[in-house]
Protein chains: 2
Amino acid sequence: MLSSVKRLLIGRPLKSTALGEQKLNIFKALAILSSDALSSVAYGTEQILLVLATIGAIAYWYSVPIAIGVLFLLAALILSYRQIIFSYPNGGGAYLVSKENLGLTAGLIAGGSLLVDYILTVAVSVSAGTDAITSALPGLHPYNVFIACILVILITILNLRGLTESATILAYPVYLFVIALFILIGTGAFKILTGHVHAGTHISIGTPVQGITLFLLLRAFASGCSALTGVEAISNAIPNFKDPAPNNAAKTLILMGSLLALLFSGITFMAYYYGISPKANETVVSQIAKGTFGRGYLYFFVQGTTALILVLAANTGYSAFPLLAYNLAKDKYMPRMFTIRGDRLGYSNGIVSLGVASIVLIIAFGGQTEQLIPLYAVGVFIPFTLSQTGMILKWIREKPARWIAKLTANLIGAIITFTVLVIFFITKFGQVWSVLIFLPLIVILFQRIYTHYNAVGEQLRIDPDHPAVKIEGNVIIVPVAGITKVVENSINYAKSLTDQVIAVYVSFDRDDEKKFEEKWQKWRPDVRLVTIHSHYRSVLQPLRKFIDIVEHKASESNYRVTVLIPQFMTKKNWHYILHNQSSLLIRTYLLYKKKVIVATLPYQFKK
Amino acid sequence: MLSSVKRLLIGRPLKSTALGEQKLNIFKALAILSSDALSSVAYGTEQILLVLATIGAIAYWYSVPIAIGVLFLLAALILSYRQIIFSYPNGGGAYLVSKENLGLTAGLIAGGSLLVDYILTVAVSVSAGTDAITSALPGLHPYNVFIACILVILITILNLRGLTESATILAYPVYLFVIALFILIGTGAFKILTGHVHAGTHISIGTPVQGITLFLLLRAFASGCSALTGVEAISNAIPNFKDPAPNNAAKTLILMGSLLALLFSGITFMAYYYGISPKANETVVSQIAKGTFGRGYLYFFVQGTTALILVLAANTGYSAFPLLAYNLAKDKYMPRMFTIRGDRLGYSNGIVSLGVASIVLIIAFGGQTEQLIPLYAVGVFIPFTLSQTGMILKWIREKPARWIAKLTANLIGAIITFTVLVIFFITKFGQVWSVLIFLPLIVILFQRIYTHYNAVGEQLRIDPDHPAVKIEGNVIIVPVAGITKVVENSINYAKSLTDQVIAVYVSFDRDDEKKFEEKWQKWRPDVRLVTIHSHYRSVLQPLRKFIDIVEHKASESNYRVTVLIPQFMTKKNWHYILHNQSSLLIRTYLLYKKKVIVATLPYQFKK
């Protein structure tokens, strides 16, 4: 039953050799990997205006130079990530680049930071998308958290179905969003050029503004940089591309950068030209769309695709998180299970963990995840800075052809991203301080896991100089509760393996004990029976003590002790709860507490 | 860790011989077994007035004759339950009486009805108590469900600690409530007699009332009968009494009946004399107390102890449910686990099941369990009627000394309880119809469980004419994933049991397969290695197929197949999640799906 539900949701398992078919072409990769970056267009401009609004409408013209600064940073990031793609064609992005060039700790910081960031991406973007949906349908507002969780589950299932399938489904909304914004910007540009828009509504660039400070401008710039989150996703996901993977990834990166630049500058300029103020209950993009189209079909087309892409931005996390977790797990910094491909060839454990973690975040914050946005931006700029710095050191060390140009690109990238990071910490410390606590904790956890796996590897290595002690024989203990077919079955099985079989009977009263001993003598005089009286109605404690004694004696003569426990297999599932409570208890207890070998003998009921 | 938390909450385990010390004297038994019945004083009168209020204040005088009717029914019930106690000194109440005298189905109906009823008792009374608390502290109102669940958990823990301990703690609030009500009634009577209370506020008994119908009066009577729930608890719990148990139980019953009669008639008469109308936001008892004391200390004393006893009424369910479940389980109508005494000699499984079920009810109804009250009254009157009828048949069959008098007592009881039951179904069918569905379902479930246990017993019986087939030998399959100490350990263990050891290696690529085979040949040429190629990255499927083949061959020559699976025992608990996922999966799968013998070999890490 369970497995057919799984089949229905996830699809039939794919052969390992089908891996190639699951790879992405540029068209699908752009859809699946750029949704996070492109969706930031929906709020990037607004973030800048919100900071400037603290001075007043007169300061809005600063959004244009700030946006130019953001575009400049974007160009530097795209250029330097392009270099990373070709230098690290197997993916891994900031983690690998930092680890190789700056050392292990830097790598783990970058990796841990990104892992947490992808969880935040999912939580924040799904919550934002849910808000957009419930703003349109206010009746659903009380169910915000529930809807967000359902959306996360749907995206998780989509990703478990496999890359190409989710890419096919996701391509439509992403491209529809791009088309919607192009129509918006194109129509807006046409109206501005033909003089349909009143030019008097905006303040001229360069108008002096009273009370403006460098701090405020930097804060606005840092807020605008939140539009750049998601840029690194492609460099983490190169192995998902069709061959030649690095070339295809680089092309996708350039395409994404260009789209992002065009849309972001278009929206920012229109917001400036229309003289738009950020409002509490209407987004900047909605105001622009209303100003351009009125509340017609095209307005709702822009709004609908915006809501969709906000939800789908989560998907970028789903592509990048499992691969990053795979890389960390391969290097023994995360549990081994993250290296295993599931039925549909995705790293299912990573996908499911990401889904569960973001649902936990959404529930913990009651769907109010906006507070996490600054944290999430910082979580991106730490690996940005580390990987750029790593690339600088790489060029200095390797000095390939045209290394000065390459170094310059990464140097500019490093300086800007580091500056943005510093600005974040200075201007929004109250919201981002927790990074300073949880990042070190994650790095320590990574290292602990590594130490453990290494210690295990060493302990498991066979040492030819110290061969294992020879096992001289076996004792099998069979706890019995009566004389039944199950007991007969168990005793016969034990007898077929060794002569040293001991049946143990725990009694709760003395009369019963005697009676049972007599009965046993008649039935199987060839098998030794030990009866133990229990004062506490517990079978476990007396059994434990008895096993201790037997084990002590056995170890002296290199005998192994096995406890044989029957398990009833019922014909109907619901019958199961009518049995097996004690065998489950005994088995678990012996295995975890006593460390004896436990053999489970199934006994099949016929009705 | 877990076990020390358990010790802290529940207390140290008690020896089986300490059972006698856990028994109740009359003082404690009254506290623990009468809280349900006595608490109904807090709402019984109000239930009658609420029905009469639909006609108007002029009809309130009917509450006095109706209360007399209820008192008459109470006397009949007490008398006939006294007879049940002496006839069935081992307890079991309605279930045993009905089963023995009316047949199995009647017994199961009575038992199932009471079991559900005790769950309702806990849910309803804890919700009512929580309402009383949050009415006093309105700030807590949004946390009603949470508080109710915490209270259920506390009462469950108290009961897991054992009978005498919970009796000691519960005695205070029960007796305080009784004292509070006696002070209230005493002061009220004094004021009435000394003429401090205006007599003009009430309508004289016998005043003709327009629009009154028999239906309405019957409905008011049925509502008043809800004050009688909980009367049967003592007859179910006789084994909990100190010796001579039946005598002590009978004395407790009479005491409880007298207290209940005094308090109920006192409250009802005062309500009538004060001319009190039921109000939505103030209880009748609160109005009487305010009228008698004003809002002073004594008023709050009455209110506080009332809230307490409403919560503690739940405890009656905790005494009776586990004993009833024990009786049903002993007769194989419920899972065997309900017959096992826990650390503190209570039937812990019954106690915990009751707690869990009532929490589920409270959460499902969002704490609004008032709707369950009629259901709960019907659930009591079904076993009332059945046990009275059973007693009638018993007297007719056995004809002991003074059987006519005994028969008369039970006959009156049977007629009245049956009448009340019919009134319930006629006047409140909309609220109680579900009984007609779930009771038959429960009875069917009981019978299914019985059939299953019997079938199992038969299947387990050893048949000397058909001895088990002799086991000729053993094959042990050891799945291996590499050449490590764990594998060495497993192979050595398997070899010490049989010569037929097969190591199985599942490979995901062909090169690796070859390499491993060569390595194995060098390492253990004495152990046969089988390698299987997996197309789907699954270890389970190829392993399953291989085991199928081996099993098929083995069964032909009466060999047994055992699969040996290593289990890593980590030094630190958190390390556990870094291992064992596949062994757990394989073990569970083989045990439940393949029905082969699975032996688990623990391997202890040293660091």
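Let me begin with a working definition: two residues are in contact if their C-beta atoms, placed from the backbone, lie within 7 Å. On that basis, among the contacts in chain A with a separation of 6 or more, 80% are between residues 24 or more positions apart.

I should say early that this is a predicted model, in which local features need pLDDT of at least 70 and side-chain atom pairs count only at pLDDT 80 or more, while totals for chains, interfaces and linings use all residues. Residues are numbered from 1 along each chain as its sequence is written, and chains are lettered from A, with ligands numbered from 1, in the order in which they are written.

Chain A has 22 helices and 5 strands, taken as DSSP runs numbered from the N terminus, with H or I over at least four residues for a helix and E over at least two for a strand. Its radius of gyration is 32 Å, whereas a compact globule of 607 residues would have a value near 25 Å; the radius is taken over C-alpha atoms, and the globule rule is 2.2 Å times the number of residues to the power 0.38. Along the principal axes, the C-alpha atoms of chain A fill a box of roughly 110 × 60 × 50 Å.

Turning to the pair of chains, a rotation of 179° with 0.0 Å of shift along its axis places chain B on chain A with an RMSD of 0.2 Å, the fit being by least squares on the C-alpha atoms of residues with pLDDT of at least 70 in both copies. The two copies are therefore related as by a two-fold rotation axis. In chain B, the C-alpha nearest that axis belongs to Ala599(B), at 1.9 Å.

The contact takes 55 residues from chain B and 55 residues from chain A. On the chain B side, the elements that each supply at least two residues include helix 19 (435–460), strand 1 (473–480) and strand 5 (597–604), but helix 20 of chain B gives the most, with 8 residues.

Finally, within chain B, the axes of helix 9 (residues 214–225) and helix 17 (residues 403–427) come within 9 Å and cross at roughly 115°, where axes are lines fitted to C-alpha atoms, for helices over the stretch in contact, and angles run from 0 to 180 degrees between N-to-C directions. Among the residues that meet there are Phe215(B) and Phe221(B) from helix 9 of chain B, and Ile423(B) and Phe424(B) from helix 17 of chain B.
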